[in-house]
Amino acid sequence: MVPPRPASNTPERRAIACELLSTLYLGFIILAKMATSMFASLAALVCLQAPLSAASSHHGVRHRSLAQSSVPKMCSANSAEIVNNSTEIFPYQSFQSFSGTPPQLNITTNGEPLADGLIFFGPNGESGAGKPKEVTNFIMTDTGDLVYAHPATRAPTDFKVQTLKGQPVVTYYTPVGSQPFVGIGWGNVHILDNTYKEIHTVCPKLNLHKGDGTIAECGSDLHEHYITEDNTLLTTAFNVTQYDLTPLGGTKNDWIINAIVLELDIESGEVIWQWSLIDHIPITQSHAGVPKNGVKQSGAIDLYHMNSIQQYGDYVFINCRHTWSSYLINRKTGKIEWTIDGETGGDFGKLPENGTFSWEHHGRLHNMTDSSVVLSYFANNNNAASKQAVSKGLVLELTLPPNPDSPPKLLADLYDADDLQNAWAEGSTSILSNGNYFMGYGSVAVIKEYGPSAATGQDVRWTGRFDAVGGGDSYRAFKQVWHAIPASPPSLVISKGDMPESLSKCTNSSDTALAYVSWNGATDVNWYDVYGGSSESDLKLIGTVKKQGFETVFPIHTSHKVVMVSALERNSSVVNMA
């Protein structure tokens, strides 16, 4: 299980330490006791209540209808503090009731419609200035508000929403043990349900050699973790082994990093199906350079660098960065059905103008029929930070079966002419449900959403930067619909501090404390009911507070010895009326 992140609890904040007591109102209850003598008589009780709707009734929580009584609306404000006091650390957000420190997204937008959904990404630090304050997975809105911050995590990748047994889950990868090569990994895959409980940790034990004299404890690679329609897991894997590289100008006893497609049983981690690239793809297709004086084990050549896998019916579609090619594999026979090459077009014939690609990531098939398929890429067009190229999103339409007389058509050539990016590694391109495109620029800490007309011209609708160039990266980034009610309780802190200017006109600060409430991971809360009284058995509804950003601050009169906050979800029609 993933542990809940601790709330802030410093004496300076006169914080209230919260602990789970019971399931009063069939919800979550926290009793918060004042941490200083000044407020020894003031406690805080936080209670979650969500509407009894079809979407949430299985959580066993209840809802107070706002239409049943006239409830005073209390003042509230977004309490996020922006910290920007260092060139070494990119600006980040800080909270009173939560210890997470998400980046302060530097956002530009043209006001045109954006797709629904939340932004999933995982900043990692690089060597330059402007590093992320915290390395972990984040979910944020396209207005820059935090929704969820995972506990600090070692080098996470591929954080995204998927479906397992008909239920939405989030998945990501973390490394395990030594990682002797940059750009590949050996680790495990985490699967969380929509309460953020870890329901599976997939750690394939495959006797894979890592090139440093050790065997991988867990064999999944960092690149792909794809849940299939059969509820199995497709993942990339790598094994360091000796191989004859004389066809590439090397020696007979050189060392290579071989790529392997794995299909795993999620429950047991056992291998259901595997496909070794060295057994099927000629090494002469590789663009990886091979020295003529021999390759040592510690410097093994990554011939293929497979970085994406996708199931499509009885087929598996893989992409290999170092061959500039993608392959459709018949899962039953193991045969390669067709290949598309970013330089020559492969089986499909000449690629259109502006439709070539190299060193690409995140190959994905869409809308496959008997006669055609749509294919999207993040085209890095570069493999080294010292080189210059324009990285872009690319969408092609392919004729099926492949026919060089009916070559690929260019559907979208996605780049920002006013903000060209040179992403030498990583990256993702997604086609969104409303026709927009969403791109994570990998080694460049930039995320962009393009409109549908970007296929024929510039339609850059949203840009977010989360680290400085050279300071951080996110392997992929996604915009996806996600609804969650966290298993961990909300967090409440009450302190006697300076009254924010936004609240100064609606309260008398001399007899008022400040209440800070947040609920890490809750996606659909937009109101809080506030209860106060002299004891836990004497609570009365005293007002309703509008949720503001991730953490909401509101004034509370110090005459209340016990305070309770009840969260209301936005999917209630009553809430929509408020």
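**Entry 1: Leu-420**

I fixed the terms before looking anything up: a residue is buried under 20% relative accessible area, exposed over 50%, and partly exposed in between. The model I am reading is a predicted one. I then looked up Leu-420, whose relative accessible area is 48%, so I list Leu-420 as partly exposed. I located Leu-420 in the loop that runs between β29 (409-414) and β30 (428-431). I also checked which residues join Leu-420 in a nonpolar patch on the surface, and found Val-390 and Tyr-415. Together the three have about 240 Å² of accessible area.

**Entry 2: the chain as a whole**

I noted the totals next. The protein chain has 578 residues, and 58% of them count as buried. I put its accessible surface at about 23,000 Å², with 49% of that belonging to carbon and sulfur atoms. For secondary structure I recorded one helix and 41 strands. I also looked at contacts with a separation of 6 or more: residues 24 or more positions apart account for 58% of them.

**Entry 3: a four-stranded sheet**

I picked out one open sheet and wrote down its strand order as β12-β11-β9-β35, with antiparallel pairing. At the edges I found β12 (146-149) and β35 (477-480), each of which pairs on one side only. On average, neighbouring strands in this sheet are turned by 20° against each other, direction ignored.

I reminded myself that strands of a sheet pair through backbone hydrogen bonds, in a parallel or an antiparallel way. I then went through one pair in detail. Strand β9 covers residues 118-121 and strand β11 covers residues 138-140; I counted three bridges between them, in the antiparallel sense. Which residue of β11 is the bridge partner of Ile-119? I found Met-140.

**Entry 4: Leu-328**

Is Leu-328 buried or exposed? I read a relative accessible area of 4%, and therefore I list Leu-328 as buried. I placed Leu-328 in strand β24, which spans residues 325-330.

I looked up what Leu-328 touches, leaving aside neighbours within four places in sequence. I listed Tyr-315, Val-316 and Phe-317, then Lys-335, Ile-336, Glu-337 and Trp-338, and finally Leu-365. From this list I took Phe-317 for a distance check: Phe-317 and Leu-328 are eleven residues apart along the chain, and their C-alpha atoms are separated by 4.6 Å.

How values were computed. Residues are numbered from 1 along each chain as its sequence is written. This is a predicted model: local features need pLDDT of at least 70, side-chain atom pairs count only at pLDDT 80 or more; totals for chains, interfaces and linings use all residues. Side-chain values use heavy atoms; hydrogens and water are left out. Patches are made of residues with over 30% relative accessible area and no salt bridge: like charges are joined within 9 Å, nonpolar side chains (Val, Leu, Ile, Met, Phe, Trp, Tyr) within 5 Å. Accessible areas come from the Shrake-Rupley method with a 1.4 Å probe; for residues, only the protein chains shown count as cover. A salt bridge is a side-chain nitrogen of Lys or Arg within 4 Å of a carboxyl oxygen of Asp or Glu. Helices (H or I, at least four residues) and strands (E, at least two) are DSSP runs, numbered from the N terminus. Buried means under 20% relative accessible area, exposed over 50%, partly exposed in between (1.4 Å probe, protein chains only). Contact means heavy atoms within 4.5 Å. Two strands pair if DSSP finds at least two bridges between them. Axes are lines fitted to C-alpha atoms, for helices over the stretch in contact, and angles run from 0 to 180 degrees between N-to-C directions.
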